[in-house]
Amino acid sequence: MAKSDYYGTLGVRRDASAEEIKKAYRRLARELHPDVNPDPETQERFKDITQAYEVLSDPNKRQMYDMGADPFAAGAGAGAGGFGAGFPFSDIMDAFFGAAGGGGGRGPRSRARRGRNATIRVELDLRESAFGTTRELVVDTAVLCEVCTGSGAAAGTHPDTCDMCHGRGEVSQVTRSFLGQVMTSRPCPQCGGFGSIIRNPCQECSGDGRVRTRRTIKVRIPAGVEDGTHIQLAGEGEIGPGGGPPGDLFLEIVERAHEIFERRGDDLHCTVQIPMTAAALGTILTMETLDGAEELDIRPGTQSGQTIPLYGRGVQRLNETGRGDLLIHVNVETPARLDPAQEELMRELAKLRGEERPPGKFAPGQQGFFSRLRDAFNGR
């Protein structure tokens with residue numbers, strides 16, 4: 001009987017890795033499986049690729065084939081329909097459903113699993129966000145059980161090998177089908193796939209390998225964080241079941257509103273209201289910034305809507321050098337009521353300036369970008 005070209009049947013090179021061979025088989029099995037293509041010719045091709053995969057996926061059979069012998073042509077393990085006895089049906093299921101399709105995990109699974117991540121909300125005021133701070137946080141979390149050190153077994157004992165699967169974590173069953181004898185695997189129902197049984201659980205953790213407790217951690221919050229920023233603290237989350245590695249702890253920053261400043265990125269904005277006399281004549285105001293009290297120079301002739309910048313008085317840029325600016329928006333207040341003496345002085349001033357009957361200056365209305373955006377949403 002002529003030797004079959006198993007590499008050509010799967011469409012792989014002769015030096016292909018085991019993973020490449022498995023991927024090629026899965027791809028072809030999805031195309032040629034009888035449930036997808038029931039015609040006889042396709043069924044024959046499906047048997048061919050399955051036979052090729054059985055040889056090339058087995059290191060001993062592949063070595064025999066590479067040395068010039070065909071395990072099937074020699075009658076080595078060939079069964080009904082060209083399939084070896086006990087052909088692993090789980091590999092066919094893998095082609096359609098992934099590694100879990102065969103029901104087994106290819107050996108016992110570990111009791112130790114990674115712990116969950118945790119998130120804590122941290123409230124900061126504007127100064128803390130701008131310059132950074134250090135906080136001590138109380139965290140309710142799972143930690144390693146000190147009695148069993150994560151094994152889950154009582155002191156002086158250890159998990160016993162499962163007598164049903166003999167430590168493999170899965171049990172197999174051979175049945176007959178149109179493919180011949182096929183073998184299916186599933187997690188062992190007695191040990192749950194772990195391959196071992198804890199007959200004497202630790203009384204401290206009830207066999208989980210971890211206990212819940214409250215602990216305090218000190219964290220450094222960098223300058224420049226803002227509302228909604230998430231800070232990841234690797235390995236500060238919960239210890240996993242069975243003493244598995246811990247998850248991560250995430251800090252969600254919540255920035256409290258400031259009584260004066262509004263933050264926009266790294267810049268701060270505020271509004272100062274001054275009387276028209278101060279706007280016309282100029283004045284010096286004292287204001288509190290994040291850096292302390294500073295003098296604000298109102299120049300003579302300052303107009304309502306004008307912006308006065310204080311450069312470098314904003315928020316520290318996150319993970320960068322430099323700071324944003326403090327932008328002060330001026331609002332000039334016009335008096336709504338005047339007493340007779342004030343009214344007389346105002347009329348005299350208007351007369352001196354020739355403004356008793358001013359013509360006014362008319363121009364097309366202008367809107368800022370955010371005003372236009374607001375009106376668009378409101379349907380104006």
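Which residues does UniProt list for "binding site"? The unreviewed entry names Cys 145, Cys 148, Cys 202 and Cys 205. These four are spread over 61 residues of sequence, yet they cluster in space, with a largest C-alpha distance of 9.1 Å. Keep in mind that the model here is a predicted one.

Let's look at two of these cysteines. Cys 202 sits in the loop between strand 7 (196-197) and strand 8 (210-221). Cys 205 is also found in the loop between strand 7 and strand 8.

What does Cys 202 touch, once residues up to four places away in sequence are not counted? Its partners are Cys 145, Val 147, Cys 148, Gly 152, Ala 153, Ala 154 and Gly 207. So two of the listed cysteines, Cys 145 and Cys 148, turn up among the contacts of Cys 202.

With the same kind of neighbours left out, Cys 205 touches Cys 145, Cys 148, Gly 152, Arg 210 and Val 211.

Now for a residue outside that list. Arg 62 belongs to helix 4, which covers residues 59-66. Leaving aside neighbours within four places in sequence, Arg 62 is in contact with Tyr 7, Arg 14, Asp 15, Ala 16, Ile 21, Val 55 and Leu 56.

Buried or exposed? Here is how Cys 202, Cys 205 and Arg 62 come out:

| Residue | Relative accessibility | Class |
|---|---|---|
| Cys 202 | 2% | buried |
| Cys 205 | 7% | buried |
| Arg 62 | 15% | buried |

Why does Arg 62 count as buried? Because its relative accessibility is 15%, and buried means under 20%.

Notes: Residues numbered from 1 in each chain as written. Predicted model: local features only at pLDDT ≥ 70, side-chain atom pairs only at ≥ 80, totals over all residues. Heavy atoms only, no water. UniProt positions renumbered as here; feature names shortened; annotations may be inferred. Helix = DSSP H or I, 4+ residues; strand = E, 2+ residues; numbered from the N terminus. Buried < 20%, exposed > 50% of the residue type's maximum accessible area, 1.4 Å probe, protein only. Contact = heavy atoms within 4.5 Å.
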